[in-house]
Amino acid sequence: MPETLRTTDSTNYTDLVSETADAVRAAGAVLRERFGDVVRPSSRHELMRALADNDDTALAVLRPRLTRLRPNAGWVEEELDGGALPPGEWWVVDPAEGNINHLHGLPEWAVTATLVRDNRPVLTAVHLPLTGETYTALTGAGANLDGRRLHVSPATDLSLSVVATSQARPDEDETVVRRVGSSITAMLSDALVVRTAVPATLHLLNVAAGRIDAFWQFSGARADLLPGALLVTEAGGRLSDAQGRPWTPQSDSFLAAAPGVHAAAVATLSR
């Protein structure tokens, strides 16, 4: 058994992944029922209320299911929080990853749940309600899309690679915003195609599946990055910060890439 899964309990982690996947599918189903017309709030307050309504609707399904699975685990649902968690087990969830897309009638949104132990993701499930796809990963056991094993790209040339990033969060520090902009400019020079969109998790699914070759972000949140970090790692990808140093939830940047282009991506982002 992988070191991160050595515990005194008798959990069948394969079953736990399956049950977590069932939970995110159930939450996704209720969000799919709410999806369609574009929501146009007239104020920031109304926007935040609409976002919270989606979150609350999904959490009403997701939280009791996950709590039954690991009743002693802590609970994190603040999607913009970053940094390290206290020791022990935690459910890190994003009940409506890409919530703003959902409100605008855009298809790029998901439901995610990741079990974290001592700041290391143990398992994750990400469901895309509009396509019906469910991505799962378990430490030491690989990453899968609906039971099919995932592998990162074999790319070795950044100039032939598709890369992606997400924008800084709303009200982000100006220094981070400028860093995002300069990194996109650098990648436009060195990579084949640069994709810029939210949410981060969907880009990371594509890295794990070998559809795109690298993803980077600055000032990322736990709920954005932990599911994809585990999926990419278990699919054979490399993680670091933008300077190539080991990534942790406390890092101020994030890079996930196919091994063959990781060093070149670090060089581009470090310019």
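This briefing covers one open sheet and the helices that pack around it or against each other. The model is predicted. Five strands make up the sheet, in the order E9-E8-E10-E12-E11. Helices H5 and H6 both touch strands of this sheet. Helices H4 and H7 form a separate topic below.

**The sheet**

- The sheet is open, and its pairing is mixed.
- Strand E9 (193–196) and strand E11 (238–240) are the edge strands.
- Each edge strand has a single partner, so one side of each lacks a neighbour in the sheet.
- On average, neighbouring strands are turned by 15 degrees against each other, direction ignored.

**The E8–E9 pair**

- Strand E8 (residues 162–165) pairs with E9 in the parallel sense.
- Four bridges join E8 and E9.
- Val 163 stands opposite Val 194 in E9.

**Helices on the sheet**

- Helix H5 (residues 200–208) lies across four strands: E8, E9, E10 (214–218) and E12 (253–257).
- H5 runs at about 155 degrees to E10.
- Helix H6 (residues 222–234) packs on the sheet and touches E10, E11 and E12.
- The direction of H6 makes about 145 degrees with that of E11.

**H5 against H6**

- The axes of H5 and H6 are 8 Å apart, and the two helices pack at an angle of about 5 degrees.
- Angles under 35 degrees count as roughly parallel, and H5 and H6 are therefore roughly parallel to each other.
- From H5, the contact takes in Ala 200, Thr 201, Leu 204, Leu 205, Val 207 and Ala 208.
- From H6, the contact takes in Ala 223, Asp 224, Leu 225, Gly 228, Ala 229, Leu 231 and Val 232.
- By class, the contact of H5 with H6 has ten nonpolar, two polar and one charged residues.

**H4 against H7**

- Helix H4 (residues 174–190) and helix H7 (residues 259–269) have axes that come within 9 Å.
- These axes cross at roughly 130 degrees, which makes H4 oblique to H7.
- The crossing of H4 and H7 is right-handed.
- H4 brings Ser 183, Ala 186, Met 187 and Asp 190 to the contact.
- These residues meet Ala 265, Thr 268 and Leu 269 in H7.
- By class, the contact of H4 with H7 has four nonpolar, two polar and one charged residues.

Definitions and conventions
Residues numbered from 1 in each chain as written. Predicted model: local features only at pLDDT ≥ 70, side-chain atom pairs only at ≥ 80, totals over all residues. Heavy atoms only, no water. Axes fitted to C-alpha atoms, helices over the stretch in contact; angles between N-to-C directions. Parallel < 35°, antiparallel > 145°, perpendicular 65-115°, else oblique. Left-handed = near helix turned anticlockwise from the far one by under 90°. Contact = heavy atoms within 4.5 Å. Nonpolar A, V, L, I, M, F, W, Y, C, P; charged D, E, K, R; others polar. Pairing = 2+ DSSP bridges.
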